[in-house]
Number of protein chains: 2
Amino acid sequence: MYKYWISVFLFLFTWGLHAQDTDFYKDYRVRWLEKAEANTPQLVFTQKAPLQTVKIVPDQQAFQGWKVEPASKENILSFYGNSFRDQTEIILDFGEHVTGYFSFSLAPIGTVADAPVRLKFTFGETPSEIMTPFDPFPGGLSRAWMQDETVTVMTLPSTTTIPRRVSFRYVKIELTAKPSYAFGFTSMYCNAGTSAATAVAPLPSGVDPMIRKIDETSLNTLKECMQTVFEDGPKRDQRLWIGDLYLQAMANYYSFKQIELTKRCLYLLAGLSHPNGYLHPCVYETPEPHGDSRLFLLEYALLYNVTLKDYLEATGDKETAGDLWVVAKKQLDIIHTYLQPDGLMDFKKANKEWWIHIDWKDNLYKEVSLHGVSVFALKNTYELAKLLGKEQEVSELPALIEKMTKAAYRRYYDKKTGFFTGLENKQISYASQIWMVLSGIASKKDARRALQNLSRSENVTTPGSPYLYHYYIQALIDAGLQKEAKEILTSYWGGMIEKGADTFWEVYDPGNDYLSPYNFHPLNSYCHAWSCTPLYFIRRYPEIFQH
Amino acid sequence: MYKYWISVFLFLFTWGLHAQDTDFYKDYRVRWLEKAEANTPQLVFTQKAPLQTVKIVPDQQAFQGWKVEPASKENILSFYGNSFRDQTEIILDFGEHVTGYFSFSLAPIGTVADAPVRLKFTFGETPSEIMTPFDPFPGGLSRAWMQDETVTVMTLPSTTTIPRRVSFRYVKIELTAKPSYAFGFTSMYCNAGTSAATAVAPLPSGVDPMIRKIDETSLNTLKECMQTVFEDGPKRDQRLWIGDLYLQAMANYYSFKQIELTKRCLYLLAGLSHPNGYLHPCVYETPEPHGDSRLFLLEYALLYNVTLKDYLEATGDKETAGDLWVVAKKQLDIIHTYLQPDGLMDFKKANKEWWIHIDWKDNLYKEVSLHGVSVFALKNTYELAKLLGKEQEVSELPALIEKMTKAAYRRYYDKKTGFFTGLENKQISYASQIWMVLSGIASKKDARRALQNLSRSENVTTPGSPYLYHYYIQALIDAGLQKEAKEILTSYWGGMIEKGADTFWEVYDPGNDYLSPYNFHPLNSYCHAWSCTPLYFIRRYPEIFQH
C-alpha cells in the first residue's frame, strides 16, 4: 500500500515538474510514456539448471588468477544425491551466462526437519567474483551490487526463490547454519529471462572459427542485456543508457530484430527527458519510470538522434520517428549553445556544464572528440530530417557542417604529424582521430594516415574501453582499412574469449586483467552492452569479417 | 511445482505408513486430519510500529547484563525524518512482544536511487539477543533460529517484507552496503498475527499490582503462542507439543476461549500419531502436516488424555471427545506395558524405551514422578470415560489406581522424612513430591508435609523450569497451601517481570540469568507456552490470587 503511495508521489512529483508550462514537451509527454508502456516486450523465460560442480583454483596464467576445473565425474548426480549437511561449500557451473530468478529446493533425507537451515549463495559472472572476498569492500559503488545472498529456509521440504534478479554463470553455496539432520538439494534452476526471443541466422560455414566464437559471444551479450529495456549490464547497472542503446539497437537490427524494444526505449527516453527538453543519459523503470533530473551527458543526448535515424532506416516506422523528431531537433540546441563564430565549440564551457564521456580513460582530452561527435550527430540528424521530409526545418545544417568541418581542419589538424589535436592540449589520442574520421571531417586519405600513424607513434592515448573500440573498428572500416578492422576486432574481442569470456565485458585492457573503474575488479560488469557490437560488424560487413 | 510434488510424496509416504493394515487408527485418520484442517483458526493481523529508538548499554545489575535506555526525545520522528545513509546502526523498540511479518519502506531523499542498498536486521525478544554476537555460534541447535536477516533492496522507493516470520520486541538495523545517495525509512511495521482475538475480562480492581502484571504478561505469552496451532514458542520451535498444549488449553479456557484451536490440535495430534497408536510428542504443520515417527515422550502421550478430558469439561463437546476416546484409551497401554505385579512400573525399562521429560533438570531421577503422572493420567482418563458414559470400557481403572496408590506408599514413601523417593535412587526432588500430590496418591496431610519440608531440607533437587513450576503451584493448591502457592507464583513469575519480561520465558532460574539448555542464552525462547499458566491460577482461584 505504502509502495503505491510512494509511487504515486514520485509520479506526481515527476509530473509536477513535467506538467508545468515550462515543460518543453508538455503536449507530448503523456502519450510518449503510454507508447513506451505499450511497447514493453514480453520476457521469455527458460529454466536453466547447473551442469556440473567445479573447483576454482589459483592459476597465475588464468584470467584474474583463477582457473575452473571439474570437481569430479557425474558430480551433478552426486550433488543431488548426497546430503549437503556436511558440505561446507560447493561451486556449481551453469555452463553459460544467465540472468533471472534463482530457485532451489531442499528436503530432509530419511528424517524430519526440526530446525531451519541457512545458506549463503554467491553468484558470479566470472570465477574471480566467486573467489575474491567482498569484505572489507574496497569498491567505489554500493557493496549491494555484489551478488551474495544469505537465505534462511524455515521449513523443509520447500522451494525458495531469491527475490533479487541475479546474473551469473557460477554459484557458490555455503552452509552457514547447519541443522542436526541430513538434508539435500532436490532441485535448482535459474528462471532465465530475455526479450531476445527470435532465432538468429547462423554464420555461413567456412567463417573463421574465432570470428564465429566472437559472433556467438556477442549474441549472448546482447541477449542477456535485452530485458524490458536495453540494459547496460544485467548485473550492474541494470538500466537504459543512451550510449549503450545506440550500439545495442544497431546490433539488434542484425540479429534478434526485436524492434518493439528499441521503440520502447526511444519513447521512454523522450518521455522522461528534462522539462528543458534535453535528454537524460539514463532512465529507470521502477517503481515508476523516472529520470535523474540532475544528470546530463552531452554526446549521449546527441547520439539519441543517430539512434532515431538508424531506427527509421531499419524499420521504416515514420510514425515513431515523426513523433520524436521534436526531441532530436531540440538536442541540436546543445551544439548551437556552445558554437563559436569560428566554427569551433567552446569546449571549456561545455566541459564545465556537461558530462562529456567519449571513453573511459584517465586524462583523455576531449575537445576534438566533442567536435567530431557533434558533426557526426549533425549529419545524422540532417539525414533523419530528409527521411522525414523535414529538411527545411533544419536547413541551416549543411552550411554548419561545412563550417565546422573547415574549422576542425584549420584549427585541429597538424599536417606534419597527420594527427588532429586540441587547441590547448596537444595530446594525440585514438579518440580524437576516430571522431574526426567518423564525422567525415577527415578526408579518406588523412583518415587512413591518422589511424595508421597511431600505432607507429609514441605517447599516444589509446582506447580505454570496449565502448571506444567499437568506434575505432567503425573508423577503420570508414577509412577503408578493412584488414586492420578485422585484425583489431579479432585480437581485442578474441582476447576476451581466450581469457574465458562467456559474454563480453564492460572493461577490458589486454594488458591488465584487474583494471576496474571502481577499484574492485569483481564489481565490473562482465556482460556489458557496449561490448556487444562485433556481431554487427561481422554481419553488416560479411566481405570483411566472414572471409 | 516441485514443492507440491515433495508434499505429495511426503503425504503419500506418511499415508503409506498409516494406510497399511498395521495402522491402529486406519478407519479414523483421514477424517481426523480433515477436522484438524477444518478447525484451523483465522489469524488476526495488526500492524505494529516501533515506538522509539533506544540504546542498549552494559549493566551488571540488568538481566543478562544489558539495560535499555531511550536514545533521544521525539526520536521516532527523527528516525523517519533523517537520512539513514550515515547511520551505521540503530535499535528500535516496538514496546511489546510481537510475532509476524516485518516490512519496511525506503525512499531516496531529494535524489534518485542509482544503486541497491543492503541492510541487516537483528530481531530480539530480549536485549541480549540484540547485543550478543551470534558467530562463532556456540549454540546446541541450528544457528538459523537466530533472527538476523540481511536484505538487499534493489530499487528505491520500495517496500520489502522479510519472508520468515519473526518474534521480537527490539530490532537492530545495520547498514551493510552504503549507497552514494541519501535515503531514509518512510515506513516500518510488523504485521503481527495471533488466533487469540477475543477480549479478555480485566481483573477486578484492588488486585495486587504484581498479580495484575503477572496476569497481563501471561495473557501476552499465551496470545503470542496462539497461531494456527498452540506453538511452544513463536521464536523457537514454532510447533505443537502436547506438554505445552495441555497447559495452553487450560489457560485458554480462562482467557481467550479460542476453542476451535484446541479442537484442531487434539485432532491434529491424533491424525498424525504413529501407526502403532501412540502419540508423537510434537507435530509439524508444513509443508504438509506430519509427525516425527522416531520421537516418543511418555508422559506427554498420557497428558493428551488429561487435555481431552479438560476439553470435554470446558466445552461439553462430546462429539470430539467421543471421536478421540479411542486415542486416549490406546495411550493407557503405555502404562499397562510397564506395570509390574507389585503395582509399580518398570521404570528402568520405560526409561530405556521412552523419553521421559518431567522437568528440564540435570540428574533428575524420574521414577516417582513417572509413577505419579501415570496415576494422574489414569484418574483423568477414567473421569473422561465417565463423562462419555464409557466407564465399562475401562472398568479395570479404579482397582488399578488403588493398587498403584498403595504400591507407591509402600515402596516410595519414607515415613521418617515424609518424602517420596525412588527405589534405587534416594534423591529427594520437588518433582517426585509434586507428582505424588497431583496424582492424589499422597494424602492431604502427607502432601502438605512433603511440600513444606522441601524448603526446609538439604540436598533437594529443585524445579529447573517454569514447566515444573506450574505443577508445583497446582500441587500447593491441591495440598491446601494457598498462601505458599501465591508466594511462589508471585516470586517466580514476578521475578521474570522484575527482570523486564514482556512475555514469560522457556527457561528461568532466579539465580542464573544465563542458564540455557542450548549452551547459548540468546537461543532460549523468551515467549514460551509452558510459562503462560499464571493467568489460569489467578482466574481459576480468585480467592487465592485476587485477594
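Which side chain does Arg118(B) meet in a salt bridge? Select Arg118(B) and look across to chain A: the partner is Glu149(A), with 3.3 Å from N to O. Keep in mind that you're looking at a predicted model.

That pair belongs to a count of 4 salt bridges between chain B and chain A. Next, pull up the polar contacts across this interface: 14 residue pairs qualify, both residues at pLDDT 80 or more in each case.

Now colour chain B by element to see what faces chain A. Among the elements that give two or more residues to that side are helix 1 (2-19), strand 4 (89-108), strand 5 (117-124) and strand 6 (148-153) of chain B. Pause on strand 6 of chain B, as the largest share comes from there, 4 residues. Recolour that side of chain B by residue class and you'll get 19 nonpolar, 15 polar and 11 charged residues.

Zoom out to take in the whole interface. Here 45 residues of chain B are in contact with 45 residues of chain A. Together the two chains bury about 3,300 Å², and carbon and sulfur atoms give 59% of that area.

Last stop: hop over to chain A and select strands 10, 11 and 12. In that order, these 3 strands form an open, antiparallel sheet. Strand 10 (240-241) and strand 12 (290-291) of chain A sit at the edges with a single partner strand each, so one side of each has no neighbour in the sheet. To see how strand 11 (residues 282-284) of chain A is joined to strand 12 of chain A, look for 2 bridges. One place to click is Tyr284(A), whose bridge partner in strand 12 of chain A is His290(A).

Technical notes
Residues are numbered from 1 along each chain as its sequence is written. Chains are lettered from A and ligands numbered from 1 in the order in which they are written. This is a predicted model: local features need pLDDT of at least 70, side-chain atom pairs count only at pLDDT 80 or more; totals for chains, interfaces and linings use all residues. Side-chain values use heavy atoms; hydrogens and water are left out. Contact means heavy atoms within 4.5 Å. Buried area is the accessible area (1.4 Å probe) that two parts lose on being put together, summed over both. A polar contact is a pair of N or O atoms within 3.5 Å; within protein, one must be able to donate a hydrogen and the other to accept it, and residues adjacent in sequence count only if both atoms are side-chain atoms. Ala, Val, Leu, Ile, Met, Phe, Trp, Tyr, Cys and Pro count as nonpolar, Asp, Glu, Lys and Arg as charged, and the others, Gly among them, as polar. Two strands pair if DSSP finds at least two bridges between them.
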